[in-house]
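Q: Could you walk me through one part of this model up close? I'd like to hear about the ligand's surroundings and whatever sits behind them.

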Amino acid sequence: MSKMLQLPLRSRQQWASIALQAALVVVIGGLAYGAFINAADNLAKAHIASGFRFWDNTAGFDISQTLIGYSPSTSTFGRAFWVGLLNTLLVASLGIVLATALGFTIGIARLSRNWLVARLAGGYVELIRNVPLLLQILFWYNAVLKSLPDLHSSISISGGAFLNNRGLFLPRPEFADKFDYVAAALVFGIVATLAVRIWARRRQERTGQPPRTLSFAFGLIVVLPLLVFFAAGAPLSFSFPEVGRFNIRGGTEILPEFAALLVALTIYTAAFIAEVVRAGILAVSQGQTEAAQALGLRSGSTLRLVVVPQAMRVIVPPLTSQYLNLIKNSSLAVAIGYPDLVQVFAGSVLNITGQAVEVIAITMAVYLFLSLVTSLLMNLYGRTVGIVER
Amino acid sequence: MTNPSSGTDGEKTGWAVEISALNKWYGDFHVLRDINLTVARGERIVICGPSGGGKSTMLRCINRLEDWQRGRVVVDGKDLTDDPKQILAVRRDVGMVFQQFNLFPHLTVLENCTLAPIWVRHMPKKDAEELAMRFLRRVRIPEQAQKYPVRLSGGQQQRVAIARALCMSPNIMLFDEPTSALDPEMVKEVLDTMVELAGDGITMLVVTHEMGFARQVADRIIFMAEGQIVEINEPKAFFEHPQHERTRLFLQQILH
Amino acid sequence: MVAADRIYLREAPAKLLPAPVASTGVVGWVRANLFSSPGNIALTIICAALIVWIVPPLLRFFFFDAVWSGADREACLPSAQNPEPGACWAFIRAWSSYFTYGFYPLGERWRVDLFFFLLAFGIAWLAWLGAPRRDIGAIYFFIVLPILSYVLLSGVPIIGLPDVPTSLWGGILVTIVVATVGIVASLPLGILLALGRRSEMPAVRLFSVTFIEFVRGVPLITVLFMASVMLPLFVPDRLAPDKLVRALIGVALFASAYMAEVVRGGLLSIPRGQYEAAQALALPYWRMMALVILPQALRVTLPNIVNTFIGLFKDTTLVFIVGIFDFLRTIEAARGDPHWATPITSVTGYAFAAVFYFVCCYGMSRYSRNVEARLARAHRR
Ligand SMILES: Nc1ncnc2c1ncn2[C@@H]1O[C@H](COP(=O)(O)OP(=O)(O)OP(=O)(O)O)[C@@H](O)[C@H]1O
Ligand SMILES: [Mg+2]
C-alpha cells in the first residue's frame, strides 16, 4: 500500500478522471442491466424458474460418496450441496496434509548434498510440474485404478483388504463401548505431553536443562493408550469386506475416483510445495548457518533455531497460495466423476434444475469463502512463525 | 554434555592454536599452501594481505567452518578431526565475528546473545540474559537489547556480534575483517571495542587492513599472499623493516 | 611460552601442488557427492535401487518393447515375439492426424499448418531477445497474427477460404488456439487491470481489485461453466457465441487476472525515482507508462510472465470438461476406439499426451530460466 503512487492532480485531469470513472460505471451498469434483461427473457422462454426455492426440492439423484446421510428419494438439493461440499473439503484437507508432507520432503531432498538424491528430487519436480493436472488425474483414474482387475479377481491385500477396479475395500473398525477408555487415554496422553513440554520449557529457563520430551511423548501418546487397550480386553473388532457375487459386503470402501483425485492432487501440489520450500531455505543465507555453527550449535539446533524460523517467513505466503490452488484444483473431480461440490452441484443440480445463474453463483461464492478462510488461517499461522520485519 | 567451561581451560598449558603443514584445495585450486603457525595463549595476531590470499580460509579452518585435505590443526589442545564432537567442543570455545555480522534477523539483540548460552551451554534463561546484558553493556549498547538487528546501525550490529561471541566466554576470538563492511565513522567504535577486548588477555586472531589497530594491539603480524604465509613479524619491525619484497609492495600500497 | 618460528620469513615460495586424488576428479567428486558419510552411502544405495527399479521398465515400455507399427489392436496384444508389449505407438500413429487437426476438413489442413508456421514465427521473433525490431514483432503477434489466424482458420468464403465451423476443430490445433488466445488477450488486459489496481480513481481501482480477486478466488472450471452456461443467457439469442468462443472468453478473462498480478509485481519493483524522473520530464501518464515504466516492469517480470503462460498452457486442458475437443480430449476419445482397445492403449495415449505437454512446458520454463539468469547478470553489471 505504501508504494501507491501519488500523482499530482490538476483540475483538467480531475475532470478527465471523473469522466472516465463515470464511463466505466455506465458501461458496467449497462452490461449488467442488459445481461439481466436478456437472462430474464431467455429463462422465461425456457420455462426455468429463478430464485432459491429449488434448494428445498427433492434431489432425486444418487451420489456415490456421502459423508452425511443422503437418500436420492427424500433428500433435497440443499442436502446434495452439503454432501458435495463435504466431499470437496475431505479431499482438499487430506490433499493439503499429504502434499505438505511430500512437498517438504522433496524440497529438502532437492538441497541434499547427495547428488543422486538431489537429482531424483529435481527430476520429480520437473516432470510433475510440466504435465497438466487434469492429464495426471485421468492417468491415475483410467490407466491405473480402472485397469485393476475386476470384482471376481480382486487383489486381496494382507489384513483382509481388497483392491479392484471398483475401489479399495478396507476392514472397518468397530468400536466396543470400552474403547472409550482407550480414547480417553489417548486424549490424556496428548494433554499430558503438552503439559510436559511446557514444564520442560520452564525447567530449561530455570536450570538450563534442555527439553528432551520425545520419549515422554512416545510413552504418553503411544504406550499408554496401548496398555489401556489391552487392559480393557482389546475392545475393537473389524468388519471385514467379503467378495460377493455382484458386489462387496461389509468393510469401508474407498472410491477409485477419490483415490485418483487425492493421489494426483498430492503428487502435483507437492512438486510446487517442494519448490517453495527449496526457495525458502535457500533464502536463508549461508552466513546464518555459519554464524550458528561458529557459536557451537549442533546441526539439528542450527536448523531448528536459526534456519527454519527464517525460512518459514519466506515459505508461508507462497505455501498459502499452493493450498488455495489445491482447493480450487480439487474441482477437477468433475472430470472423473468424484462427487465434489462442482460435480454434484454445478453438475447434477444445475442440469436438473437448469438454474445456472443461482447454482454457479453459489458455487463460486463457496470457493471464494474457502479461499478467504484458508488465507486467514495461514495469516494467523504466519503471525505465529513471526512474519516480522521489525 | 560438557558443562559450562569448567574454568580449567585457561590454565591448560600448550598453544592456543597450532597449525602444521596445512594444505587446502578448492577443486584443483591450491588455496592454502603449507601453512605453519603457532599462536600462544593470550597472543594477539593480526593477519593481512592482498585479497584472495587465503586469510579468511585459514581463519575459518580454525573453527572448522572449512575442512582441508592435508595437515593438522590443534585448537586449545583439541585436535580438529572429522569427529563432530571434537568440532563442537572447539566451536564452543572459539568465538567468531564475521565481516557481514551475520546476526540472526528473527531474534532480538538479546535473544541473539542468549541463544548459544541457552542451547549450547545449557544456562538458565535468566543467567543467560544477565550475562548477555553484561556484555552488551561492555560494547555499550545495553539500551538496544530488545530491538531487532535491522533497526541497528552497522557499527552497532557488529558490536552486538562481538557481544554474542563473548557470551560463550571463548578462549579464542576470530575476527574476519570486522570493519570492512562499515561506514568510516562506525569503524572506530568497533575498533575501540576490540582494543578493549585485547586488554583482557583473550587470544585474538584478526584479519584486518586497519594498520593503526595492528600497530596498537598486535603482538605479531602475519602477511599472507597466494595462500602462503609470507612473513611473520612484530609490528614495529613489520612496518619499519619489512623483509620480503611482497610485504614491502603491499605496505606501500595500503599505507600511501 | 615462545614459538620457535615466532618471527618468520618465507625464503622460497611453497610449491603449488596438485590436489590429492581423493579430493578431485571423478573419485573426489563421487566421494564428496555420493559417499561422504554412512547416511549418505545409504541414501545413494536407496536411490540407485530406485533408479534401477524404475528406469529399465520405463525404457522397455517406451522403446524396446514398444510396438511401432501395425494396422489395429492385434499388433499391440501380447504375442509370441512380444509377450509383454510396451507402448502401442502404432495406435498414436494411426490417430496422429486426428490428434493434430481434429475433424478439420482434409483438403483445408494446409491452413492449419500455415497457422502453426505463422505462430512459430511470431513466437520466435518475440522470444529471441536479440531479434531485430521486436516492437514490430509485438504488433505482428498481438494484432496482425490474431486477425490473420481468424481469417485463415475460420475462413472467409469471398476470398476463397471456405468456412470451417469450430465444431470441426480439434486436437493440438484447439489447444494451441486456446493457449494463444489466452496469451494474446491476457497480456494487454492484465496490464490494464494492473494499472487499474494502482490507479487513483476509486471506481477504476474498485473494479480492478474486485475482478482480479474474484477470478483468482474461484476455480477455472467454474469460470468456464459460467462462460459456457451463463453467457448464452446474458446475450440475445442471435448474438450467442459458439462453444469454442465462449470457452476462449472464459480462459482469457481467467488468465488476465493472473497476468494482472504478475504485471503488478513488476510495477512494484520499479523504483519510485523512475516515476519521478519521468514526471520531471513532463511526460503525461500514458506516455510515462508506455515509454518508461512498462518496458522496465515487463522486462523484470518476463520470467514470471512466461511461468503464467506455462500455467495457462496446462490449464487449456480444462476446456475438455466443457465439451471442447482439445488435444487431451482427442486422446480421451481415441483411447476408447474399439479397434485399438488393448490394456496398454490408455497408458500409451496418456504417455503421448504427457510427452507433448512436457516438451512444451519444459521448453518454456527453460526459456524463462535463461531469461532470469540473463537479467540477473545484467543486474550485477
Ligand atoms: N567456496 C569456494 N570455492 C572455490 N574457491 C573459493 C571458495 N572460497 C574462496 N575461494 C577462493 O579461495 C581464495 C582465497 O579466498 P579467501 O576468502 O580466503 O581470501 P581472503 O584472503 O580472505 O580475501 P579477501 O580479502 O577478499 O577476503 C580466493 O581466490 C577465492 O576465490
Ligand atoms: Mg576474506
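A: Quick bit of vocabulary before we start: a helix here is a DSSP run of H or I with at least four residues, and numbering goes from the N terminus. Keep in mind, too, that this is a predicted model.

With that in hand, helix 1 of chain B gives the largest share of the shell around ligand 1, with 3 residues. Helix 1 (55-62) and strand 2 (29-39) of chain B each put at least two residues into that shell. The surrounding residues include Phe29(B), Val31(B), Pro50(B), Lys55(B), Ser56(B), Thr57(B) and Glu177(B). By type, the shell splits into 4 nonpolar, 6 polar and 2 charged residues.

Now for the polar contacts. Ser51(B) has a side-chain N or O atom 2.6 Å from an oxygen of ligand 1. Tyr26(B) brings a polar side-chain atom to 3.2 Å from a ligand nitrogen, while Gly53(B) uses a polar backbone atom, 3.1 Å from a ligand oxygen. On its own, ligand 1 would expose 630 Å², and the protein buries 59% of that.

Now step back from the ligand. Helix 1 of chain B lies across strand 1 (17-26), strand 2 and strand 4, at about 125° to strand 1. Those strands belong to an open, antiparallel sheet of 4 strands in chain B, in the order 2-1-4-5. Strand 2 and strand 5 (78-79) are its edges, each pairing on one side only. At the strand 5 end, strand 4 (residues 70-75) pairs with strand 5 over 2 bridges, antiparallel, and Val75(B) has Lys78(B) as its bridge partner.

How values were computed
Residues are numbered from 1 along each chain as its sequence is written. Chains are lettered from A and ligands numbered from 1 in the order in which they are written. This is a predicted model: local features need pLDDT of at least 70, side-chain atom pairs count only at pLDDT 80 or more; totals for chains, interfaces and linings use all residues. Side-chain values use heavy atoms; hydrogens and water are left out. A residue is near a molecule or strand if one of its heavy atoms lies within 4 Å of it. A polar contact is a pair of N or O atoms within 3.5 Å; within protein, one must be able to donate a hydrogen and the other to accept it, and residues adjacent in sequence count only if both atoms are side-chain atoms. Accessible areas come from the Shrake-Rupley method with a 1.4 Å probe; for residues, only the protein chains shown count as cover. Ala, Val, Leu, Ile, Met, Phe, Trp, Tyr, Cys and Pro count as nonpolar, Asp, Glu, Lys and Arg as charged, and the others, Gly among them, as polar. Two strands pair if DSSP finds at least two bridges between them. Contact means heavy atoms within 4.5 Å. Axes are lines fitted to C-alpha atoms, for helices over the stretch in contact, and angles run from 0 to 180 degrees between N-to-C directions.
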